[in-house]
Amino acid sequence: MTNVNSACEQLFPLGFNLVTSGEMIYGEAKTSKGVVALLGTINSAPIGVDLAFALAGKVLEIIQNYPQRPIIILVDTQGQNLSRRDELLGNAGYLAHLSMCFELARMRGHTLISIVYKEAVSGGYLALGMIADRSFALDSAQIRVMALSAMSRIMQISLERLEELCASSPIFGPGASNYVALGALDAVLANDLSSPIEQALSQSEQLDQRAKLGLERGGRKLAFEVINLVINAHV
Amino acid sequence: MRLENISGLYESSARERISLILDAATFQEILPPFKRISSPHLKTLGMPIAFDDGIVIGVGLFEGKKVFCAAQEPGFMGGSVGEVHGAKLTGLLERAAIEKPAAVILILDTGGVRLHEANAGLIAISEIQRALFKARSMGVVVIALSAGSNGVYGGIGIVARCCDYVLITEQGRLSVSGPEVIESQKGVEEFDARDKALVWRTMGGKHRYLQNEAQAYTKDSIKNIRATIAAYFGKPVPLSLEELLRQHKSLGQRLEKFSDCADALDIWTKMGIQNPDQIPSLDDESFITIANRVRDHD
Amino acid sequence: METFEFKFGPWSKQSKLSNKKPIIVGVVGSGNLEVLVEEVDLNGGTKFYLETSIDGFEKTWQAVLADFAEQERFANTIITINDGGATPAVVQLRLAQAAQQWKETP
């Protein structure tokens, strides 16, 4: 059972502080590269309009008050909030706004690092985490699009068949190692949690390397090639 | 295909939509079907592939100006995003950041991630988003259009709202979670997916325009859609602190005013609309007149 | 999924290649299909390559495509079909559309 405090104790041995505000957490940590901002969610938070708005507000605060301070995104979410109210109020807009605030931070020199310490799902992870320059997950973390049983129902493919496919392909299953193979995660963190983060802080990466990594690791053999074919096509 | 019989986008295919929206006979497709760049994952599942993996991308002219255009094919796998489909769109946006066309027009019609490619689809959507930001940071205006049969859902709903502008028609929808997903996870009390009127009040074109989730609303006619798109040329929205603070304030006000509203009718009432229950049945022109009186302008 | 290849003709051994651009009609979906038509040096014949999600209709496809090939006599043409379970009526429609467009292609 990972909670954010125990994760931070291992991630930031030089010290950290976290404030809880509903299902949002924020604070700072000391690293050998200086102080970094912490921002994220707890309790498998479903991200709806209120939480997305609060998170975006914090990103804007960091941009305005702490120029170029790296932001470490601590992710534990069950995805976008599945609720009539949040769709009524326009959750797409709030999640997009959160994404754009992170993008602005990156453009203004804030290194973005995300760490899934427990769970990350679909639209919630898209806006809070996948936007980072470098992404990590603890080895116990679950990252997925949807529960396999729900997928089975919608796709009309038996659960057994999907589980079979999980064994031979990183495309379906929820493990963090799948997302490494597909190029979306830099690495799974185990044992030494802080060194990879220290290293990521000193090697900022502005370009999206995930398709290339997906090819190198064999999880996605076509994405990188197709992107380049499109860029170079003669029209 | 006989294009002169098609008056709007709703029932047309991706290829037809591009032919109708862009200047006649100017579209040059990138990675056309004869290249056979299709999904390896669908093959593994024993499912039919499409030679364009359900998305048509390329370059053309719009009122004589060079534009990039993408259209998702609603009939293939619900317009959903798989590895190849997503990479085509990412590549187009990355190319736009380099070539800087006058605009990128995204004719979206999708349920979001293609479950048959699950994790690869989700990552693809994130890559599309990054490439979109790259294009926008180079000053390229990116316009998303929701006029289609599936709506614009899932992660692509988020991507659409990351574009400079969203244009929507009455039939268009824009959301993150679809009605069926909400109902299946939270129950019919939370959302009755078969209640079409509820779906459109909550996620449909008119509501999205009223609350400024969509910046433009048009009648589903080629003439009107083209005129609406044309109006945004040369008007990229900057990705700046000033702009995001402004949007943040606006989104905060939306929460303050409408947070406790149970239904769109309550929202429309609070906005000052006299007969909110008539909004769904209003014709486009009448609706636009009323909407423009009450909605916040950017 | 089933895959078939059918060859018909040759219709004329003298036909030259004319650098025709490929065309596509239809959409792959439940009850629908896409038809890609390309010019390829086949010594004057027509070839069909078909992938279909509905098993067990090889003879039907053979008959339908043989009729079409005989009727149109497209020399040096390969017609590739991705079928998502279209009815005979839809198949005929798409083939007719493809034939029309191919004839209109310079």
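**Helix 3 of chain B, the B–C contact and a helix pair in chain A**

Helix 3 of chain B is followed by K100(B), a residue whose phi is positive, near 50°. The model is a predicted one, and the points below take up this helix, then the contact between chains B and C, and finally a pair of helices in chain A.

**Helix 3 of chain B**
- Spanning residues 83-99, helix 3 of chain B has 17 residues and reaches 24 Å from its first C-alpha to its last, which is close to the 24 Å expected at 1.5 Å a residue.
- Of the 17 residues of helix 3 of chain B, 14 are buried, so the helix is largely enclosed by the rest of the structure.

**Contact between chains C and B**
- On this interface, 15 residues of chain C are in contact with 12 residues of chain B.
- The side of chain C that touches chain B draws at least two residues from each of strand 2 (23-29), strand 3 (32-39) and strand 5 (77-83) of chain C.
- By class, the residues on that side of chain C divide into 6 nonpolar, 5 polar and 4 charged.

**Helices 10 and 11 of chain A**
- Helix 10 (residues 210-217) and helix 11 (residues 223-232) of chain A pack with their axes 7 Å apart and at an angle of about 135°; because this angle lies outside the ranges for roughly parallel, antiparallel and perpendicular pairs, the two helices of chain A are oblique to each other.
- A211(A), K212(A), G214(A) and L215(A) in helix 10 of chain A meet A223(A), F224(A) and I227(A) in helix 11 of chain A, and this contact has 5 nonpolar, 1 polar and 1 charged residues.

Definitions and conventions:
Residues are numbered from 1 along each chain as its sequence is written. Chains are lettered from A and ligands numbered from 1 in the order in which they are written. This is a predicted model: local features need pLDDT of at least 70, side-chain atom pairs count only at pLDDT 80 or more; totals for chains, interfaces and linings use all residues. Helices (H or I, at least four residues) and strands (E, at least two) are DSSP runs, numbered from the N terminus. The expected span of a helix is 1.5 Å times one less than its number of residues. A residue is buried if 20 or more other C-beta atoms lie within 10 Å of its own, exposed if 12 or fewer, and partly exposed in between; C-beta atoms are placed from the backbone. Two residues are in contact if their C-beta atoms, placed from the backbone, lie within 7 Å. Ala, Val, Leu, Ile, Met, Phe, Trp, Tyr, Cys and Pro count as nonpolar, Asp, Glu, Lys and Arg as charged, and the others, Gly among them, as polar. Axes are lines fitted to C-alpha atoms, for helices over the stretch in contact, and angles run from 0 to 180 degrees between N-to-C directions. Angles under 35 degrees count as roughly parallel, over 145 as roughly antiparallel, 65 to 115 as roughly perpendicular and the rest as oblique.
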